[in-house]
Amino acid sequence: MEPDNEMVKFNPYRCKALGLTEVEARCLNFVRLNSPLAAWLRDRFPGVYVRLEMRGLIERVDGAWRLTEAGKSKIRVLLKGR
């Protein structure tokens, strides 16, 4: 499994333990790798990025999306298991 691949398949049990779906986990990983603009997220993950923003896992900074500290913590657990 390549953690730097934006469409990596995450362990469904880890996702469930963190309260995320697999699609939400892939969206977090996409934001981590690319710092995308809102239009990219709307096209690739319609509606998902809104839920992640409401949970405080991603934030919009100067038009681009970035992970918050909570989002970084969740992606670290998803990728490394710690």
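In this predicted model, glycine 81, which follows just after helix H5, takes a positive phi of about 80°. From that residue one can work back into H5 itself, which covers residues 69–80. At 1.5 Å a residue, the twelve residues of this helix should span 16 Å, and because its end C-alpha atoms are indeed 16 Å apart, the expected and the modelled lengths agree.

The two sides of H5 can then be taken in turn. Gly71, Ile75 and Leu78 are the buried residues of the helix, and, viewed down the axis of H5, the buried residues fall within an arc of 60°, so they line one face. The general geometry behind such a pattern is that an α-helix has 3.6 residues a turn, so residues three or four places apart point the same way. On the face of H5 turned away from the buried side sit the exposed residues Glu69 and Lys80, while the cover over the buried residues includes H1, H2 and S2.

Leucine 78 leads from this helix into the interior. Leaving aside residues up to four places away in sequence, Leu78 touches Phe10, Arg14, Cys15, Leu18, Leu20 and Ala25. Leu78 is also, together with Leu28, Leu41, Leu52 and Ile58, among the residues with the most contacts inside the largest nonpolar core, a set of 22 residues. The elements that give two or more residues to this core are the helices H1 (12–18), H2 (22–34), H3 (38–44), H4 (48–54) and H5 (69–80), along with strand S2 (64–67); of these, H2 gives the most, with five residues.

Terms used: Residues numbered from 1 in each chain as written. Predicted model: local features only at pLDDT ≥ 70, side-chain atom pairs only at ≥ 80, totals over all residues. Heavy atoms only, no water. Core = buried A, V, L, I, M, F, W, Y, C linked by side-chain atoms within 4.5 Å. Buried < 20%, exposed > 50% of the residue type's maximum accessible area, 1.4 Å probe, protein only. Helix = DSSP H or I, 4+ residues; strand = E, 2+ residues; numbered from the N terminus. Contact = heavy atoms within 4.5 Å. Expected span 1.5 Å × (residues − 1). Arc of directions from axis to C-beta.
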